[in-house]
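Trainee: I should like to learn how to reason about a protein model, one step at a time. May we begin once the structure is in view?

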Amino acid sequence: MPGDLSVLAARRTVRFYTPAAVPDDVVRALLEAAQLAPSAHNSQPTRFVVIRSSEMRRRLTSRMARRWRRDLERNGTSEAAIRVQLRFSERRFGEAPLLILVGYTMEEMDEYPDRVRRAAEVTMAAQSAAVATLSLLLAATAHGLGGCWCCAPLFCPGIVRRALGLPRAFAPQALLTIGYPAHTPSIPPRKPLDGIVTFL
Ligand SMILES: Cc1cc2nc3c(=O)[nH]c(=O)nc-3n(C[C@H](O)[C@H](O)[C@H](O)COP(=O)(O)O)c2cc1C
């Protein structure tokens, strides 16, 4: 891969980190990289919440865990399996040196009278948040960091907003755990290109 693209190949989902803190100037560099991502109409609907306060972190993760437990119980998951999953989640969110919540707002997206175009705008806002998230994770790789994109907030947006005191307009999309990697994950297998590409 050409040198400029090597960060694409180097990026891996990293779920465990050393305790080393991520310096403030590096956090800022990651956010600046995310801001360079393309967005629909250049509306830049993506919003980032850097969770610095340990009290906020505890409040967010314990409330999300409570909801997850309820969902797992409803699924019929055994108590033992629930405990294992919640312990892993508690550890991952409790120990990650840096947590960044990514969301979007529709406030500056285009407005339409019909359902189809309104839905398309919402999709565009979510897509914009997704590409910004990838940019942030690629920048993290370039800075020697690893990160994990966790989709948990999508399942409990109201809980996330209330825990962090965020406005109703904030649509939570992902909680990113970031830190210096404590392991070197191998690349999870990719489908063969022939199976996912159609040449017409
Ligand atoms: C939209 C999205 C949601 C994801 N949610 C989670 C998650 O909740 N927990 C997790 O451990 N990894 C999550 N991941 C990471 C994927 O599991 C990971 O990207 C995939 O296994 C491929 O590995 P790689 O990122 O190292 O290439 C998510 C990734 C994406 C793009």
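**Contacts and packing in a predicted model**

Mentor: Leaving aside its neighbours within four places in sequence, Thr-13 is in contact with Gly-147, Cys-148 and Pro-185. Please bear in mind that the model is a predicted one.

Trainee: Where is the place of Thr-13?

Mentor: Thr-13 counts as partly exposed, because its relative accessibility is 28%, and partly exposed covers the range between 20% and 50%. As for its place, Thr-13 is found in the loop between helix 1 and helix 2.

Trainee: How many residues apart in sequence are Thr-13 and Pro-188?

Mentor: In space, the C-alpha atoms of Thr-13 and Pro-188 are 9.4 Å apart. Along the sequence, the separation of Thr-13 and Pro-188 is 175 residues.

Trainee: Which residues form the aromatic pair?

Mentor: The structure holds one aromatic pair. Its rings are 5.9 Å apart, centre to centre, with 70° between the planes. Planes over 60 degrees apart count as edge-to-face, and the pair of that kind here is formed by Phe-16 and Phe-88.

Trainee: How many residues apart in sequence are the parts that this pair ties together?

Mentor: Phe-16 is partly exposed at 30% relative accessible area, and Phe-88 is partly exposed at 35%. Phe-16 lies in the loop between helix 1 (6-10) and helix 2 (24-35), while Phe-88 lies in helix 4 (residues 79-95), so the parts tied together are 72 residues apart in sequence.

Trainee: Are helix 3 and helix 6 roughly parallel or roughly antiparallel?

Mentor: The axes of helix 3 (residues 54-75) and helix 6 (residues 157-164) come within 9 Å and cross at roughly 155°. Angles over 145 degrees count as roughly antiparallel, so helix 3 is, relative to helix 6, roughly antiparallel.

Trainee: How many charged residues does the contact of helix 3 with helix 6 have?

Mentor: On the side of helix 3, the contact is made by Met-56, Arg-59, Leu-60, Arg-63, Met-64 and Arg-67, which meet Ile-159, Val-160, Arg-162, Ala-163 and Leu-164 in helix 6. By class, the residues of this contact include seven nonpolar and no polar ones, and the charged residues number four.

Trainee: How many of the residues of helix 6 are buried?

Mentor: The buried residues of helix 6 are Gly-158, Ile-159, Val-160, Arg-161, Ala-163 and Leu-164. Their cover includes helix 3, strand 2 (98-104) and strand 4 (171-179). Helix 6 is thus mostly covered, and its buried residues number six of eight.

Trainee: Which residue with a positive phi follows helix 6?

Mentor: The phi of this residue is near 65°. The residue that follows helix 6 is Gly-165.

Trainee: How are helix 2 and helix 5 oriented to each other: oblique or roughly antiparallel?

Mentor: The axes of helix 2 and helix 5 (residues 115-142) come within 7 Å and cross at roughly 140°. Since roughly antiparallel requires an angle over 145 degrees, helix 2 and helix 5 are therefore oblique.

Trainee: How many polar residues does the contact of helix 2 with helix 5 have?

Mentor: Helix 2 contributes Leu-30, Leu-31, Ala-33 and Ala-34, and helix 5 contributes Ala-132, Ser-135, Leu-136, Ala-139 and Ala-140. Eight residues of the contact of helix 2 with helix 5 are nonpolar and none is charged, while the number of polar residues is one.

Key: Residues numbered from 1 in each chain as written. Predicted model: local features only at pLDDT ≥ 70, side-chain atom pairs only at ≥ 80, totals over all residues. Heavy atoms only, no water. Axes fitted to C-alpha atoms, helices over the stretch in contact; angles between N-to-C directions. Helix = DSSP H or I, 4+ residues; strand = E, 2+ residues; numbered from the N terminus. Parallel < 35°, antiparallel > 145°, perpendicular 65-115°, else oblique. Contact = heavy atoms within 4.5 Å. Nonpolar A, V, L, I, M, F, W, Y, C, P; charged D, E, K, R; others polar. Phe/Tyr/Trp six-rings, centres within 6.5 Å; stacked < 30°, edge-to-face > 60°. Buried < 20%, exposed > 50% of the residue type's maximum accessible area, 1.4 Å probe, protein only.
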